[in-house]
Amino acid sequence: MAILSFLLYLLAISVSVYGDAFIGVNIGTDITDIPSPTDIVALLKAQSIQHVRLYDADRAMLLALAHTGIRVTVSVPSDQLLGIGQSNATAANWVAHNVLAHVPATNITAIAVGSEVLTTLPNVAPVLVSALEFIHSALVAANLDQQIKVSTPHSSSLILDSFPPSQAFFNRTWDPVMVPLLKFLQSTGSYLMLNVYPYYDYVQSNGAVPLDYALFRPLPPTREAVDANTLLHYTNVFDAVVDAAYFAMSYLNFTNIPILVTESGWPSKGDSSEPDATPDNANTYNSNLIRHVLNNTGTPKHPGVPISTYIYELYNEDLRTGPVSEQNWGLFYANGGPVYTLHLTGAGTVFANDTTNQTFCVAKNDADTKMLQAALDWACGPGKVDCSPLLQGQTCYEPDNVVQHATYAFNAYYQKTGKSLGTCDFKGVAIVTTTNPSHGSCIFPGSGGKNGTSINGTTQASSPASSTISGCMSQYYYKGGYFISTLIFVALILCEVFVL
């Protein structure tokens, strides 16, 4: 049985790097209330995510990923590179504890050695290639070198004169590292790992890079960037940066190394100096990126050659330091709720739950209680929602808390208004989800009589505008764990009379 499992493992990961492109996600852990590994894997499954990159090789996470088939890139943290790059034995020990202990149950397909070492930890650069070679040697000894690729992610800032792409080259200071590194990637059949952030290219361009060009929005031919040397037309920053990396490699006489984008994304929130870090822009960028990658569009230099990409990132990381945007690159909140709506119809199977027409409106778990109560009052009053199932003794009274009751009322209003634009916001305390919030005998409107699950799905509807919470208040309130049914009933009747 063990041999059969191992053979199945080899079969599962023997797809060439030149196969169809995939979309994966990075999983950061700088989160106050970090979900358990089991919950993280449940979210991955619910969203049909089949490729993940970890920033370490956490044992609990790798155990949770076992037997899921999800393809995993583990990482050697940068602070361990000096030891590994100076000792073959240390590298072999790392592989034994963090890789061999988990395969084939966990589908590990790549090892990222450090991250942006040349641009952030230049003192480690002299041992970077040695670290790659030692890690690879340990895989060779275990007969896993054909199944698990070894590389190291680079910042795109390593590429100088990136436009026009045909004139791009790597910072020549690092030629003594890049040349042997590229030789290693070529000889082992690995790929150049590259972090591509059009957001930063746009922000740092002082207006030279149009926002539409950074967000993959359609451009008229007259606004497309043209490489005068090759006459190739570029309609987005992402392709231009990837092609710049191709040209930079060819400048060093390496022309057959594929590129894997290990990080790309857009922040959904920023401080006053980051006005373009918005949910709408993040939504637009990531939705367009996913479609672009999964369509196997390739780049102008290499059309049709897939550029698999890992989105940065799965969760918002509230513990990250720096500007507000640093904490807001995630697709999801830590509670599993989507940060914003992805528009992915026709984008394939990843985030498949997004493409269903069955959407619901739910209260945000981290919303202010008083704002939730005010929104609940409005929905059950001026909003003319039938809130009788929330009365004590009725099917949706339990669980008896404002979040759950507001969720029922918000969804009822959302469904009643035909899921139209602006009907699931309630001054920012509600959000659209594809997860059916029904539970037990409490069947939510729009659910088709079915119960839901516990993991929130990626949202689909357009970003709603703010609903106005005003008018006759229903006095449908939660206090001390108990709803006052009589007051609710009377207030509902009075409010209905005055509104009508």
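User: Before we look at the sheet, when do two strands count as a pair?

Analyst: Two strands pair if DSSP finds at least two bridges between them. Keep in mind that what we're reading here is a predicted model. As for the chemistry, strands of a sheet pair through backbone hydrogen bonds, in either a parallel or an antiparallel way.

User: Okay, so what is the strand order in the open sheet of nine strands, and what is the pairing?

Analyst: The order reads S5-S4-S3-S2-S1-S13-S12-S9-S6, and the pairing is parallel. Strand S5 (149-151) and strand S6 (153-155) sit at the edges with a single partner strand each, so one side of each has no neighbour in the sheet. From one strand to the next, the twist averages 25 degrees.

User: Let's walk in from the S6 edge. How many bridges join S6 to strand S9?

Analyst: Three bridges, with S6 and S9 (residues 192-195) running parallel. One spot to click on is Pro153, which stands opposite Met193 in S9. Moving on, S9 and S12 pair over four bridges, again in the parallel sense; there, Asn195 has Glu263 in S12 as its bridge partner. S12 and strand S13 (residues 309-311) run parallel and are joined by two bridges, and Ser264 stands opposite Ile311 in S13.

User: And how many residues of S12 are buried?

Analyst: Six of its six, which is to say S12 is mostly covered.

User: Next, aromatics. How do I describe a ring pair?

Analyst: You give the distance of the ring centres and the angle of the planes. This structure holds 20 aromatic pairs. Take Trp266 and Tyr285: their ring centres are 5.7 Å apart and their planes are at 35 degrees, so that pair is tilted. Trp266 lies in the loop between strand S12 (259-264) and helix H12 (279-294), while Tyr285 is in helix H12, so the pair ties together parts 19 residues apart in sequence.

User: Are those two rings' residues, Trp266 and Tyr285, buried or exposed?

Analyst: Trp266 is buried, with a relative accessible area of 0%, and Tyr285 is buried with a value of 0% too.

User: Which pair would show me an edge-to-face arrangement?

Analyst: Try Trp378 and Tyr413, at 5.1 Å centre to centre with 75 degrees between the planes. Trp378 belongs to helix H13 (residues 369-380) and Tyr413 to helix H14 (residues 402-416), so this pair links parts that are 35 residues apart in sequence. Trp378 is buried at 9% relative accessible area, and Tyr413 counts as buried at 14%.

User: Which residues form one aromatic cluster?

Analyst: Trp266 and Tyr285 turn up again here, in one cluster with Tyr197, Tyr199, Tyr200, Tyr202, Phe216, Phe238, Tyr312 and Trp329. Rings also have charges over them: the charged end of Arg172 sits over the ring of Phe169, 4.2 Å from its centre, and the charged end of Lys301 sits over the ring of Phe247, 4.2 Å from its centre.

User: How do I find empty space?

Analyst: Rolling a probe the size of a water molecule over the atoms shows where empty space is left. The largest pocket holds about 1100 Å³ of space. Its lining has 40 residues, with Ser155, Ser156, Asn195, Tyr197 and Tyr200 nearest the centre. Helix H6 (117-120), helix H9 (198-203) and helix H11 (237-251) each supply at least two residues of that lining, and H11 gives the most, with four.

User: How many cavities of 30 Å³ or more does a search of the whole structure find?

Analyst: Two. The largest cavity has about 40 Å³ of space, and its lining includes Phe238, Asp239, His292 and Ile307. H11 and H12 each supply at least two of the lining residues.

User: Last topic, backbone oddities. What's the usual background?

Analyst: Most residues other than glycine have a negative phi, and most peptide bonds are trans. Against that, the bond from Tyr312 to Glu313 is cis, with omega near 10 degrees; Glu313 lies in the loop between S13 and strand S14 (360-363). Another cis bond joins Glu398 and Pro399, with omega about -5 degrees, and Pro399 is in the loop between H13 and H14.

User: Where is Asp161 found, and what is its phi?

Analyst: Asp161 is in the loop between strand S7 (159-160) and strand S8 (169-170), and its phi is positive, near 50 degrees. At 48% relative accessibility, Asp161 counts as partly exposed. Lys427 also has a positive phi, near 55 degrees; Lys427 is in the loop between H14 and strand S15 (430-433) and is partly exposed at 47%.

Technical notes: Residues numbered from 1 in each chain as written. Predicted model: local features only at pLDDT ≥ 70, side-chain atom pairs only at ≥ 80, totals over all residues. Heavy atoms only, no water. Axes fitted to C-alpha atoms, helices over the stretch in contact; angles between N-to-C directions. Phe/Tyr/Trp six-rings, centres within 6.5 Å; stacked < 30°, edge-to-face > 60°. Buried < 20%, exposed > 50% of the residue type's maximum accessible area, 1.4 Å probe, protein only. Lys NZ or Arg CZ within 6 Å of the ring centre and 35° of its normal. 1 Å grid on protein atoms, 1.4 Å probe; cavity = no way out; pocket = protein on both sides within 12 Å on 5 of 7 lines; lining within 4 Å. Points joined across faces, edges and corners; volume = space filled by probe spheres on them.
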